[in-house]
Amino acid sequence: MIIPTGNYKDLFEERKKGGGYLAGYPLNLRASQSHELKNYSYFVDLLNNKNTTNRDSALYIHIPFCDSICTFCCFTREIAKSDKVAKYLQVLESEMCKYAKSEYIKSSKFGAVYFGGGTPTVLSADQLGNLLSYVKSNFHLTKNAEITIEASTHNFNQRKMEIAIEKGANRTSFGIQTFNDAIRKQFNLQDSSRDVINTVKIAKEIGFDIVDIDLMYNLPNQTMKDWEIDLQNAIDLGVENISFFPLHIHPNTLLGKQIESGEIPHPQTKDVEIDMYLKAVEMLTNAGYKQQHISKFVLPNTDHKYNILRLGHHDCVVCGPMANGNIGNCVYKNTKSIEKYMNMVRDGNFPIADCVRLSKEDEMRRYMIRGLGLLKVDKREFKNLFGEYPEYIFPDIFEQLIKKGLILVSENEIKLTEIGKIWGYNVCASFCSKFGRVMNIHGDMVA
Ligand code: SF4
C-alpha cells in the first residue's frame, strides 16, 4: 500500500460516509421534490419493448422487516409480524410478476440477484425458499448468476441456510458491524461475538461460495486497538468479502439521542476516522484482499457481481418499498411506506414514487459517480457511450480533483489515487449536478 503523504486529512470539510444516495443519482438529490407520478407511460412503454442491450442486469428484492431494531439504524423498516409479512410477500410476488411478464424483462438476463432489507432472514425457511424459487422460475438468470441473501447472524439458522443454498443462493452478506460485545450490546445487536463467529463458520462450511461481512468503524467507545481486533477477526474467519463503513449518526435514531444527551460519547474525530480507514486498507491488503469498491475488499476471484452491475452501465430492476433502480435511461424509486406500496401494487400499479428519464448530462454524471465508486472509469467506454472523453465534458471538476491529488488520469482510465480512495464518496459527489437538473418522465426539465 502507498501511504499517503502531505495534508491529506483536510481536503474536504466533511468526509462523506456512504454512497447509497449516489447509486440513486439523481433521484435522491431532489428527494424533497419527489412526487408520485400520475402517469409513468414512458416507463411502461420501455417495459413493453424488448431489452436489446445484451448486458446482464441486476435484480434487487427488498424485505423491509427486522426482528429487532439496531440503535443506529435510520432505515425505514418494521418489526416483523407474521401476518403482515405473509401479506407483504404476496404483494411482492405480484410486483415481481408484473415485471416478469413484461417484454423488456422477458428479454433480459440477470447476472446477480440481491435480497436486501431490513433483514431477509427474518423470513421463515419456507418463505425464503419460496421467494428464491419464484425468482428463479420467473426471471432469466445467467448460468453463474450470483444470488445474495443479506442476513443477520442471530436469525440465519442452519435450516434457513440449507434451504437458501438448495434454492440457488450462493452468497450471503452478514451485517455484523463489530465483534466487540460491549458495543454490540450498546447497539442492540442480538448475539454475542462468539455466536456471530460460529454462524459465519457454519455459513462457510454449509456451502455459500462467498460470505461477506459488513463492519462499522469509528464507533463510540471504540479504540484503534478494538478496530484492529474487529478486522483481524474478519480476516481470521477467511470470509471472501469485507465491507466497512464509518458510523453515520442520525439525530432521530436512539443512538443519536443517546449521544446528544451525553449517555454515550461521540465517535472520535474525522482524523481518527481516516486513520481507522487506512488501518483497514493496510490490514486487508496484507491479508491478500484487493479493493473492489471504496468500502469493499475482496479475496481474488470473489468480486461482488451485484455491486459491479449495480454501479456499472447495467439495468437494476428493484422490487419492494423504498428501493431505487434503473431501467434503460429511467431511474426510479419505489414509494417508501409499506402500506402505500401494498395498496399501489394491489391496485395493479407499479409502486413508483419518483421516476425520471435522465438527460444525457445526468447520464454522464451518473456514469462517473458510479464508476469511481468502483475506483476507476474506463475512458474508452465513456467515449463510446457519450461521444467524448470525460475530462473534456467536466474540465473544472477534473482540474480540482487532479489539483487535490484525488484522481489520476491516464490514456485509458481515470483512477482514484490512494488519497482519492480515502475521500472516495466526496470525489463521486463532485460529479453530482449542483442543480439536480433532470428531465421528468416526459423529457421535460423539472429542476
Ligand atoms: S438489521 Fe439493518 S435494517 Fe434492521 S434495524 Fe438493524 S441496521 Fe436497521
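Q: Ala, Val, Leu, Ile, Met, Phe, Trp, Tyr, Cys and Pro count as nonpolar, Asp, Glu, Lys and Arg as charged, and the others, Gly among them, as polar; how many residues of each class does the shell around the ligand have?
A: The shell has 6 nonpolar, 3 polar and 1 charged residues. This is a predicted model, in which local features need pLDDT of at least 70 and side-chain atom pairs count only at pLDDT 80 or more, while totals for chains, interfaces and linings use all residues. Residues are numbered from 1 along each chain as its sequence is written, and side-chain values use heavy atoms, with hydrogens and water left out.

Q: Which residues surround the ligand?
A: The ligand is surrounded by Cys66, Ser68, Ile69, Cys70, Phe72, Cys73, Phe75, Arg77, Gly118 and Thr119, where being near the ligand requires a heavy atom of the residue within 4 Å of it.

Q: What is notable about the peptide bond leading into Gly118, and where does Gly118 lie?
A: The bond from Gly117 to Gly118 is cis, with omega near 25 degrees, whereas most peptide bonds are trans. Gly118 belongs to the loop between strand E4 (110-117) and helix H5 (125-138), helices (H or I, at least four residues) and strands (E, at least two) being DSSP runs numbered from the N terminus.

Q: Why are H3 and H13 called oblique to each other?
A: Helix H3 (residues 82-100) and helix H13 (residues 338-346) pack at an angle of about 45 degrees with their axes 9 Å apart, the axes being lines fitted to C-alpha atoms over the stretch in contact, with angles from 0 to 180 degrees between N-to-C directions. Angles under 35 degrees count as roughly parallel, over 145 as roughly antiparallel, 65 to 115 as roughly perpendicular and the rest as oblique, and H3 and H13 are therefore oblique. Their contact (heavy atoms within 4.5 Å) includes Tyr88, Val91 and Leu92 of H3 and Tyr341, Met342 and Val345 of H13, and by class it has 7 nonpolar, 1 polar and 5 charged residues.

Q: Why is H6 described as roughly parallel to H8?
A: The axes of helix H6 (residues 158-166) and helix H8 (residues 193-206) come within 10 Å and cross at roughly 30 degrees, a value that makes H6 roughly parallel to H8. The contact is formed by Gln158, Met161, Glu162 and Ile165 of H6 with Thr199, Ile202, Ala203 and Ile206 of H8, which by class gives 5 nonpolar, 2 polar and 1 charged residues.

Q: What makes Asn188, in the loop before H8, stand out by its phi?
A: Phi of Asn188 is near 65 degrees, a positive value in a residue other than glycine, although most such residues have a negative phi. Asn188 is placed in the loop between helix H7 (181-186) and H8.

Q: Why are H14 and H15 called roughly antiparallel?
A: The axes of helix H14 (residues 360-373) and helix H15 (residues 379-386) come within 11 Å and cross at roughly 165 degrees, and H14 and H15 are therefore roughly antiparallel. In this pair Lys360, Glu363, Met364, Tyr367 and Met368 of H14 meet Glu381, Phe382, Leu385 and Phe386 of H15, with 6 nonpolar, no polar and 3 charged residues by class.

Q: How many residues does each domain give to the contact between domain 1 and domain 2?
A: The chain is divided into domain 1 (7-25 + 358-447) and domain 2 (26-311), with bounds from an automatic or database domain assignment. The contact takes 36 residues from domain 1 and 34 residues from domain 2, and the C-alpha centres of domain 1 and domain 2 lie 24 Å apart.

Note on methods. Ala, Val, Leu, Ile, Met, Phe, Trp, Tyr, Cys and Pro count as nonpolar, Asp, Glu, Lys and Arg as charged, and the others, Gly among them, as polar.
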